Amino acid sequence: MNRVGARRRRCRLSLALCVGFLAVALVIQGLASPAQDEALVAKGRYLAALGNCASCHTRNGGPPFGGGVAFPIAVDWSGEPLGTVYSSNISPDSETGIGDWTLADFSRAMRAGVSRSGEHLYPVFPYTAFAGLTREDMAAIFAYIRSLEPVRSSPPQNDLPFPLDWRGSLAVWKWLYADRGVHRPDGTRSAEWNRGAYLVRALGHCGACHSPRNLLLAEIPERALSGGIHFHPVSTDKERLWAAVNLTPASTGLGAWSTDDIANYLKTGHSPKAGRFGPMDSVIAEGTRHLTENDAVAVAEYLKSLPPIEGDTESVPDPGQWEPASAIYAEHCEDCHMASGRGNLFKAPPLAGSAVVQAPSPYSLINIVLYGAAVPDDVAAPYRLWEDMAPYRDMLSDAEIAALGNYLGSAWGNRGGLVTEEDVARQR
């Protein structure tokens, strides 16, 4: 009996100790949870900034993350959109947002492009890139979004013609083009390179704008990051095509840019090679300016490591044909951009070797000449050096702007795409 009693006492003691340890663990967990949650939300805030969630899900003058940003899609050959998709409300509102979503719901939308209700999502939402996010980063972004103020806002209905309005067709599109695999590090590359690859390919979804697309609007893998076209406002009441530049280290892309040039541009919107304007305003203001120094350098290192993909040089301007347009340049451009095309440190960026000037599609170049380019207010010294560029739409005719564009695209060794009067008229 004594041995039985002793065993019982030991069992009760062990049980008491277990209960005590469990209680202490629960207390510790309770004390640690707020800090852990705060750290997770902070991480998610950083990742969401780099993913540019705010600029795509916050319309001008609208509530934060309330959706309603218009995305014209399915560009036809006249340069006009065939329809418009509106971004959704991703605030934690239970009725009009994603307040009732679970992490599993959120992950399925981000990776597979399927909403909580089972609807296929249009790939203007770049789930083809977000599929590469790690599980930990996905959880952090979700935690951040859950911490936001709920917004009661219902975006407009998508405006798409048949058959684009039939979401069932997206199942076939995904079967052809969607890759749902998580981004895998390359064991033969450095940690910095792998971080840059992850930020560019997955979280930053740079290819969504900077890669050309096929007739079914899927990115063309073999020409990834060699430049693309998309719609973006040129003024408060106009949306026009823009040409996203070649991000590979080609002579028509970032070949002349150093890693410091790229990192500084992402962080500040300025480098000795270019300034920020057009669609890159929101990308930098809402996103890349938040990059840590290490992440900015990682992105730059990755981009500089890519194989160069030159632009289409079959339809480049004939230098001799457009030489008379040098007079237009001398009158309107030379004072800031210099006769050499190398720019002026205190006035304007270089045009010689410019990725914008050498883009196969001339839309961004035409837009700048027509509508000008202002240095954004949030660009601070010492990077606020250049002057605003005045618009020339009321000074120069379509023919003159086309001639000027072709002169710029062929001067100083540039290899830009051909600019026609019809191109200029379309962008007005």
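**Exercise 1. Y177 and its patch**

Work out how Y177 is classed by exposure, and which surface patch and helix hold this residue.

*Solution.* Step 1: Y177 has a relative accessible area of 31%, so Y177 is partly exposed; buried means under 20%, exposed over 50%, and partly exposed in between, with a 1.4 Å probe and protein chains only. The areas come from the Shrake-Rupley method with a 1.4 Å probe, and for residues only the protein chains shown count as cover.

Before going on, note that this is a predicted model in which local features need pLDDT of at least 70 and side-chain atom pairs count only at pLDDT 80 or more, while totals for chains, interfaces and linings use all residues. Residues are numbered from 1 along each chain as its sequence is written, and side-chain values use heavy atoms, leaving out hydrogens and water.

Step 2: Together with V172, W175, L176 and L216, Y177 makes a nonpolar surface patch of about 560 Å². Patches are made of residues with over 30% relative accessible area and no salt bridge; like charges are joined within 9 Å, and nonpolar side chains (Val, Leu, Ile, Met, Phe, Trp, Tyr) within 5 Å.

Step 3: Y177 sits in helix α6, residues 169-177. Helices (H or I, at least four residues) and strands (E, at least two) are DSSP runs numbered from the N terminus.

**Exercise 2. Two loop residues**

Where do N52 and M338 lie, and is each buried or partly exposed?

*Solution.* Step 1: N52 is in the loop between α1 (2-50) and α2 (53-57). With a relative accessibility of 8%, N52 counts as buried. Its phi is positive, about 60 degrees, although N52 is not a glycine.

Step 2: M338 belongs to the loop between α13 (334-337) and α14 (363-371). Its relative accessibility is 32%, so M338 counts as partly exposed. The phi of M338 is also positive, near 75 degrees, in a residue other than glycine.

**Exercise 3. Salt bridges**

How many salt bridges does the structure hold, and which parts do the pairs E119 with R167 and R195 with D295 tie together?

*Solution.* Step 1: Side chains of opposite charge can pair when their charged atoms come close. The structure holds 12 salt bridges, each a side-chain nitrogen of Lys or Arg within 4 Å of a carboxyl oxygen of Asp or Glu.

Step 2: E119 and R167 meet in a salt bridge at 4.0 Å, N to O. E119 is in the loop between α3 (103-112) and α4, and R167 in the loop between α5 (135-146) and α6, so the pair ties together parts 48 residues apart in sequence.

Step 3: In the salt bridge of R195 with D295, the closest N and O atoms are 2.9 Å apart. R195 lies in helix α7 and D295 in helix α11 (residues 293-305), so this pair links parts 100 residues apart in sequence. D295 counts as buried at 8% relative accessibility, whereas R195, at 28%, is partly exposed.

Step 4: Try one more pair yourself: D281 and R276 form a salt bridge, with closest N and O atoms 3.2 Å apart. D281 is partly exposed at 25% relative accessible area, while R276 is buried at 9%. Finally, salt bridges that share partners join D93, E95 and R152 into one network.
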